[in-house]
Amino acid sequence: MGMPITIEIVDSSATPDSLEKVFKYFEHVDEKFSTYKDTSEIMSINRGELKESEWSDEMREVFKLSEELKQATNGYFDIKKPDGSRDPSGLVKGWSIRNAAKILEKDGFKNFYVDASGDIEVSGRNAEGEKWSVGIRNPFNRDQIVKVVYLDGEETRGMATSGTYIRGQHIYNPHQAGPLEDIVSLTVVGPNVFEADKFATPAFAMGREGIYFIEKQPNLEGYMIDKDGIGTETTGFDKYTKNA
Amino acid sequence: MKKIFLSFGLIVALALFATFSRRNIGVGADRFLTSNISVFGGTPTSEPVVPQPTTSVVSTPRSNTIIRHGDDEEEGSVVITTPTPASTPASTPASTPASAPTTTQTGKYKNGTYTGSVADAYYGNIQVQAVIRGGRLADVVFLQYPNDRSTSIEINTQAMPYLKSEAIQIQGANVNIVSGATDSSIAFRQSMGAALSKALN
């Protein structure tokens, strides 16, 4: 199970090397944060092999952000396991996509997007000079789009979707559905992908209540789809559904 | 060398695509982290790198088609129906949106703490516990999570605003990007579903 990454840079000054740099960054993140690689820094820390003074700056930053998110979610989000080891994977995803976008910004690119596993950060405009359009998959049919979101690429750059999907031959079975399988998709839109992503998973985990959790966040909007194919928007979501 | 060829090949293909379909020429490419185990979980597969389009073109839409789930006893049955206009939920305040909050005297669930089954999240197990207070889901505790985190969250459902709801509709728009789903959500929901099934009045 890998992670598909798609990057597009519209600016005509972009070269294959511009992209390669970003792919290399994702590989670097994997090397450092993967809990499946014995040689990663996180696994060294978890084995007690590194003193705190030896932790890298990136690791410190991720731990700090994790602590902040833990406070913001009343302890729901916690990278520390009962045995004292840490797994920051849930935070690293949005964080690394955001950083990848920053690399492109620093290299002077204004119009691009980075998509890792369906979590997205955009900047500027698409090749037609219009807002980047992002489709939300139909949870009941991955080849269809049920909502189109237009991101202005300035104040609103990030989008993340948590959800279930029909995978291979395993069709969603109504008889296994429990009350909290009431929702099948939750999309969060925000100022950047890190902000959107960090709240998308806890909100999805809340089932039908999740959309209200997003409604309460002042800088986020969301769209939820339930098992009956009913979509529910937060009160400000419709400003993103027009390509104006 | 192969990697450079592959990404170069993707760039060339995309550049050609860009030339014929756009005014500006940018660059784009896709990469699939397969040789390394992803930091975001999962085990490596031997899948080849599959170029994915950077622009998704959606197939011709069928209007107002919603996939509903069948009521028959067979596992895995899916019934596709096209609702008539009369039956399509309207998004006006006069209708009853499926997910509008309600204030009820008797809750849907019995108060107490209910533990769900252990579900496979593909790269680990998930098991959750539902805490019901006042007839509603008030807290979620993770007993098992990939890498065995234990977490909980308080859900405050007071004073909820009215949110617009309507039946999803297939969109015909061509989009630049598609936002997708993740794996761990499925296992979470299976476990939570089991927990809340036990809690039902």
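Which residues point one way from S8(A), and which the other way? The views below address this and related points.

This is a predicted model, in which local features need pLDDT of at least 70 and side-chain atom pairs count only at pLDDT 80 or more, while totals for chains, interfaces and linings use all residues. Residues are numbered from 1 along each chain as its sequence is written, and chains are lettered from A and ligands numbered from 1 in the order in which they are written.

**View 1. The two sides of strand S8 of chain A (residues 221–226).** A:Glu221, A:Tyr223 and A:Ile225 point one way, A:Gly222, A:Met224 and A:Asp226 point the other way, and all are buried (20 or more other C-beta atoms, placed from the backbone, within 10 Å of the residue's own). Strands are DSSP runs (E) of at least two residues, and helices are runs (H or I) of at least four, numbered from the N terminus. In a regular strand the side chains alternate between the two faces of the sheet.

**View 2. The strands paired with S8(A).** Strand S7 (residues 183–190) of chain A pairs with S8(A) in the antiparallel sense over 6 bridges; pairing requires at least two DSSP bridges. A:Val189 has A:Glu221 as its bridge partner in S8(A). Strand S9 (residues 230–233) of chain A runs antiparallel to S8(A), joined by 3 bridges, and A:Glu233 is the bridge partner of A:Tyr223. The hairpin of S8(A) and S9(A) has 3 residues between the strands, and A:Gly229 takes a positive phi near 80° there.

**View 3. The contacts of A:Val134.** Leaving aside neighbours within four places in sequence, A:Val134 is in contact with residues including A:Ile120, A:Met159, B:Val175 and B:Ile177 (C-beta atoms, placed from the backbone, within 7 Å).

Methods
Buried ≥ 20, exposed ≤ 12 C-beta atoms within 10 Å, placed from the backbone. Contact = placed C-beta atoms within 7 Å.
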